[in-house]
Structure formats: structure tokens, C-alpha cells
Amino acid sequence: MKISAWEPWLERLWQGDKRAAAKLISQVEDNQGRVEIMCRILPRTGQRMVLGITGPPGAGKSSLVGALTQLYREQHDKVGIVAVDPSSPYSGGAILGDRIRMQSHGTDPGVFIRSMGTRGHLGGVARFTTDVLKILEAAGYERLLLETVGVGQSELEIMECANTVLLVLNPGTGDGIQAIKAGIMEIADIFVVNKADLPGAERLKNDIEMVLDLNGKKAWRAPVVMTSTLEQRGLNELRDHIARHQTFLTESGKCRQRRHNAFTQEVWRHWEAIARQAFAAAWQDLPRSEGDDLEPGNPYTLAEEIWASIVSGRFTDRSAP
């Protein structure tokens, strides 16, 4: 479709129409007119900060997102939520459980909840997560919340999607230090010890504080906040720390630096998708034997030859991935 086909939906998006947001998100996720749609949306984005919520499975991320959403709605802020769930490696489907857990906000006209399956994408988020967040920003949502799948120590792509990252942990899941090893430890702007009504919460907090002390002084020292959505404890304090961190980002200039890094990664991912598409076309065009198999050869030389052919323009494909 040409971009003119999307104009009515875009006009409705500018007015905050939920159905238009859902329609355009679906098209982007299905890679139908993605580049054209996003090029129209980009000029209306870049002003809102994204709050990322990550942590291991069962830490209570969805409950925390729901509690924060309630606090922001009490301030009359419109809230856009993107919740990523793991997809099956066999069927490709996903049980979008986050939407079930946040159903109390499902009928609120000021809240938009979008669940996304990872579809095999690694890093704790889905492939088009940043696009979906931009669509919600363009629709007028002031608070953008991103919840990742349950992650371990290497799923760190949330750094490229969020300005403020909450690392949610809970007591009773083994050695606290194991949960905050290098990798995921460095991405946290705020540590949240959730389910603080359980035994061992204070010990986990002390473990995190000890690791932070060992890391030395930094411009921003990540606070450790104890929360309990069951008892409605620590939530206002957490909201205040989020606000302080976002003020720090703006005043220190780090917000601009993070956005530059995220932009660089977006360019890289898009270039990589184009390169993969061009490689697939070049691969199909290689001479094959009668059995439709490639003759055994040197894979390193062949890779360089394919790249040279792509650069020369023989297999150039300008279509959007």
C-alpha cells in the first residue's frame, strides 16, 4: 500500500484514537508499510521518556506495572503499556498473560495496553518494540511503560528502548548476588525489591547495596526501593525515584546521549535487516548442481564474494525489511 492509504489512520492517531493505534501497530508488527508509517510518525516523537521494567520470571513485573499505572492515572496522565511475552519456539504463538494481569486497566480510556510476542527475537523485547512505543507517543500517551519478558543476565536490549530501567527482584529465589551479577546489574537505574512482604526482602536489599558500594561512586547511584503491590507499600517512593532519575537524565545531558545510542542501534538493526534480505536474494542466485545443492567450497571466500556482489549493486534490494 502507498502511504496515502494510511493517512486516515494517521489522522485518527494524532487525535488519540485507540483503534487507529492498534491498527497501525498491527501493520508495523506484520511489516506491512512499516517504513512509510514510521517515517510519518517520527516527527511527532522523541519528547517522552520510556520506563522499562525488567527482571526474572515471577518477580512481579506485571503487578508493578499495574500499580504504577494506577498512580499515573491518579495524576491524569495517559499511559501506554507495551508488555512483551515469550513466543513458543514450536508454534510461534504466545500466551499474552500480561494483559490478563492488567485487566483492571483494560476498560480505562486513558490506558492503552499492547502485548507482543517475542517471535524468536532475543534480548528480552520484540523486534518492533521501539516502533510500537513511538506510535503510542504519537497518539498522545504521556507515560510509556515497557515490560520485558522474564530475563536472565544477558537480555539487555531494554537499554536501547528505555530511558529509565527498573530491575525488579524478589526474595526467596536463591542467592541475591547471583541475580544481580555483571550484565543485568549495570543496566539498572533503580533496583526494586518487590514482594517485600516476604521473608528475606531486607537481606536482598542489603546484598544489592553491598554490590553498589563495591562499584564506587557514580553520577547516579541506583536507589534500592522495597515495594509490595499486595500491601500497596513503597509505590509512591518508587514513583518519586523514577521522576528524580528522569530529571537527572535531562539536567546531566545523559538523556541526549542515551537517545543517540538508541538511534545508532536502530540504524544498525535496520541495516542488518536490509543486508539479510540482500544476502537471501544473492544466495538464491548462486549456481547449483543438478541436485539443487551448492558445491562444497570455501565458506569464507564465498561470503566475501556474496558481499562484493551486493556492494556492487547486482543484488541491491531497496525494499524495506
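Which residues are exposed on the other side of H12? I began my notes with this helix, keeping in mind that the model is predicted.

Entry 1, length of the helix. I looked up helix H12, which runs over residues 299–311, and compared its span with expectation: at 1.5 Å a residue its 13 residues should cover 18 Å, and the end C-alpha atoms are 18 Å apart, so the two agree.

Entry 2, the two sides. I found Ile306, Ser309 and Ile310 buried in H12. These three cover an arc of only 100° around the axis, and therefore I place them on the same side of H12. I set beside this the general rule that an α-helix has 3.6 residues a turn, so residues three or four places apart point the same way. To settle my opening question, I noted Tyr300, Glu304 and Val311 as the exposed residues on the other side of H12.

Entry 3, packing and the end. I then asked what the buried residues of H12 pack against, and found helix H11, residues 254–284. Following H12 I came to Gly313, whose phi is positive, near 100°.

Entry 4, the surface. I looked up a nonpolar surface patch of about 480 Å², and recorded Trp268, Trp271, Trp307 and Val311 as the residues that make it. The elements giving two or more residues to this patch are H11 and H12, and I note again that H11 is the helix against which the buried residues of H12 pack. Val311 thus appears twice in my notes, as an exposed residue of H12 and as a member of the patch.

Entry 5, one tryptophan. I located Trp268 in helix H11, and I class Trp268 as partly exposed because its relative accessibility is 47%.

Methods: Residues are numbered from 1 along each chain as its sequence is written. This is a predicted model: local features need pLDDT of at least 70, side-chain atom pairs count only at pLDDT 80 or more; totals for chains, interfaces and linings use all residues. Side-chain values use heavy atoms; hydrogens and water are left out. Helices (H or I, at least four residues) and strands (E, at least two) are DSSP runs, numbered from the N terminus. The expected span of a helix is 1.5 Å times one less than its number of residues. Buried means under 20% relative accessible area, exposed over 50%, partly exposed in between (1.4 Å probe, protein chains only). The arc is that of the directions from the helix axis to the C-beta atoms. Contact means heavy atoms within 4.5 Å. Patches are made of residues with over 30% relative accessible area and no salt bridge: like charges are joined within 9 Å, nonpolar side chains (Val, Leu, Ile, Met, Phe, Trp, Tyr) within 5 Å. Accessible areas come from the Shrake-Rupley method with a 1.4 Å probe; for residues, only the protein chains shown count as cover. A salt bridge is a side-chain nitrogen of Lys or Arg within 4 Å of a carboxyl oxygen of Asp or Glu.
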